[in-house]
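Q: I would like to take a close look at one part of this structure, slowly enough for a first-year student to follow.

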Amino acid sequence: MKVLFATAEAAPFIRTGGLGDVAGALPKALKENKVECAVILPLYADMKAEFRNSLQFVGSTTVALSWRNQYAGVFKSAVDGVEYFFIDNEYYFKRKGLYGHFDDGERFAFFSKAILEVLPLIGHFPDVLHVNDWQTALVPLFLDCFYREVAEYKNIKTVLAIHNIEFQGCMDKSVIGDIFGIPESHSAIAEYRNDANMLKAGIEASNKVVTVSPTYSVEILDKFYSYGLDNILEARKYKLSGIVNGIDVNLYNPKSDKALFKNYDYRNYGQKKENKHGLQALLGLPVCDKPLIGMVGRLTTQKGIDLVLAVIHEILEKDVQLVVLGTGDWKFENALQEVAKQYPTKLATAIYFSGDIASKIYGASDLFLMPSKFEPCGLSQMIAMRYGSIPIVRETGGLKDTVIPFDPVEGTGVGFTFKSYNAHDMLDAINRSLACYGDSKLWRNGVVKNAMKQDFSWKKSAKEYIELYESL
Ligand code: ADP
């Protein structure tokens with residue numbers, strides 16, 4: 001079986017979040033299961049020179065977008081036997097940052113059309129085109145509108161993966177004709193509530209829709225989670241399912257992670273302490289053995305930062321330290337930095353993006369706080385567990401699917417959870433986790449052991465994706 005994985009970002013080339021991680025790991029796992037999987041993404045100016053210089057030129061063609069005819073060059077590279085193809089167009093992609101430009105709709109409509117246009121050039125006509133999020137959600141519609149008459153395209157099946165329904169690619173509806181070039185016969189598919197909506201077009205036009213955890217696939221049928229698309233999804237429930245993401249267990253491995261002060265695994269869990277002391281010294285906190293709570297992630301409402309701020313004094317008045325790494329809404333960044341000034345011995349903030357510090361926090365922390373309002377899958381809680389940092393999470397989306405609550409009587413479970421989006425319920429979960437931490441035997445032989453022994457590799461999920469492709 002041949003699969004083409006279309007994405008706006010892919011590790012190790014360029015990545016800003018979870019989608020990049022998935023695009024770096026799932027294709028490899030599919031390949032290990034004998035699926036011929038290639039990946040296609042834009043060639044951004046922001047890609048590091050070391051990768052840029054290793055690319056090979058494949059060829060070029062022209063992509064029609066309504067009345068425009070745009071150049072599309074194709075470059076390629078390979079990682080672990082998986083081929084990565086890059087669409088080159090300097091007008092669209094020689095810019096700072098991947099997203100957030102005024103013409104993102106046009107940029108990713110171009111990329112989506114280019115994916116289909118270059119199939120003969122790359123010599124990879126897939127059985128399944130797996131597209132991801134709003135940036136490539138127009139591919140199934142373009143396929144139906146412009147390519148189905150061509151023999152090689154006739155039987156291509158499409159899967160749309162939704163990594164976060166908050167981002168839909170909405171813009172003025174004039175773009176449907178003037179930029180996307182969608183004929184009037186099909187324009188209603190790309191329109192929703194009097195706007196153009198790229199994700200909605202993908203939900204309608206693809207053969208299957210998959211979210212990155214089973215719980216999220218049910219949650220988005222509810223208005224609280226759907227960002228307006230619940231009725232569209234409800235009508236297409238028959239093709240909706242959820243498969244939880246894995247993580248790259250070679251990359252995220254406390255035994256070999258070079259960013260750590262001291263490598264360790266479950267057997268020598270005691271050495272984890274050296275990472276705590278190293279991080280405390282690095283971030284200017286007193287070096288001690290107090291329980292350390294870590295947070296790594298975008299500082300946005302999605303991640304539950306408002307809950308943390310609502311009870312931040314109650315948290316910091318406990319005998320704990322808290323370390324937060326992240327960037328996002330300036331109001332959350334500022335608020336955290338202000339509190340850090342009041343509690344210099346208890347709270348350290350790192351308001352930037354650093355994979356190195358992220359690893360150090362996973363390695364140093366005893367507890368990992370992730371009280372998300374919604375969480376399509378979440379990778380951070382899985383990485384944390386692998387590093388023996390026990391998650392405290394709200395039971396939503398992928399957090400609910402991956403963090404089974406610890407039961408001290410049965411000795412089962414991997415973390416501490418709460419249900420309602422409520423700061424004091426979160427505080428209660430923190431209290432329960434600290435009580436457990438205080439019982440060192442129960443801690444190490446119970447919850448830490450369970451968490452560190454979990455298999456978060458892509459093996460199981462890759463098989464579920466293959467079943468999904470085969471069902472098509
Ligand atoms: P999302 O994709 O919603 O941002 P995920 O939990 O799925 O959240 O993935 C976030 C990934 O990005 C994790 O690998 C996490 O470690 C990493 N990450 C988030 N913020 C930062 C940061 N400021 N510095 C380094 N890594 C970060």
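How many cavities of 30 Å³ or more does a search of the whole structure find, and which elements give two or more residues to the lining of the largest cavity? Please describe the surroundings of that part as well.

A: The model shown here is a predicted one, and a search of the whole of it finds one cavity of 30 Å³ or more. The largest cavity holds about 90 Å³ of space, and it is lined by 13 residues, of which Met295, Val296, Gly297, Lys303 and Leu369 are the closest to its centre. The elements that each contribute two or more residues to this lining are β13, β14 and β16, and the greatest share comes from β16, which gives three residues. Sorted by class, the lining has nine nonpolar, two polar and two charged residues.

To see where these strands belong, it helps to turn to the sheet. β13, β14 and β16 are members of an open sheet of six strands, whose order is β15-β14-β13-β16-β17-β18 and whose pairing is parallel. The edges of the sheet are taken by β15 (residues 347–350) and β18 (residues 416–418), and because each of these has a single partner strand, one side of each is left without a neighbour in the sheet. On average, and with direction ignored, neighbouring strands of this sheet are turned by 15° against each other.

As general background, strands of a sheet pair through backbone hydrogen bonds, in either a parallel or an antiparallel way. Here, strand β13, which covers residues 292–296, pairs with strand β16, residues 367–370, in the parallel sense over two bridges. Within this pair of strands, Gly294 stands opposite Phe368 of β16. Two of the residues already named at the cavity, Met295 and Val296, fall within the span of β13, while Leu369, also named there, falls within the span of β16.

Helices also lie across this sheet. Helix α15, made of residues 330–342, lies across β14 (residues 321–325) and β15, and it runs at about 145° to β15. Helix α20, made of residues 440–452, lies across β16, β17 (residues 390–394) and β18, running at about 70° to β17. One of the strands beneath α20 is therefore β16, the strand that gives the most to the lining of the largest cavity.

Helix α20 in turn leads to a further neighbour. In general, two packed helices are described by the angle between their axes and the distance between the axes. Helix α19 (residues 423–437) packs with α20 at an angle of about 105°, and their axes are 6 Å apart. Angles of 65 to 115 degrees count as roughly perpendicular, and α19 and α20 are therefore roughly perpendicular to each other. In their contact, Ser433, Cys436 and Tyr437 of α19 meet Ser440, Leu442, Trp443 and Val447 of α20. By class, the residues of this contact are five nonpolar and two polar, with no charged residue.

Taken step by step, the picture begins at the largest cavity, with β13, β14 and β16 in its lining, continues through the six-stranded parallel sheet to which these strands belong, and reaches α20, which lies across part of that sheet and packs with α19.

Terms used. Residues numbered from 1 in each chain as written. Predicted model: local features only at pLDDT ≥ 70, side-chain atom pairs only at ≥ 80, totals over all residues. Heavy atoms only, no water. Pairing = 2+ DSSP bridges. Helix = DSSP H or I, 4+ residues; strand = E, 2+ residues; numbered from the N terminus. Axes fitted to C-alpha atoms, helices over the stretch in contact; angles between N-to-C directions. Contact = heavy atoms within 4.5 Å. 1 Å grid on protein atoms, 1.4 Å probe; cavity = no way out; pocket = protein on both sides within 12 Å on 5 of 7 lines; lining within 4 Å. Points joined across faces, edges and corners; volume = space filled by probe spheres on them. Nonpolar A, V, L, I, M, F, W, Y, C, P; charged D, E, K, R; others polar. Parallel < 35°, antiparallel > 145°, perpendicular 65-115°, else oblique.
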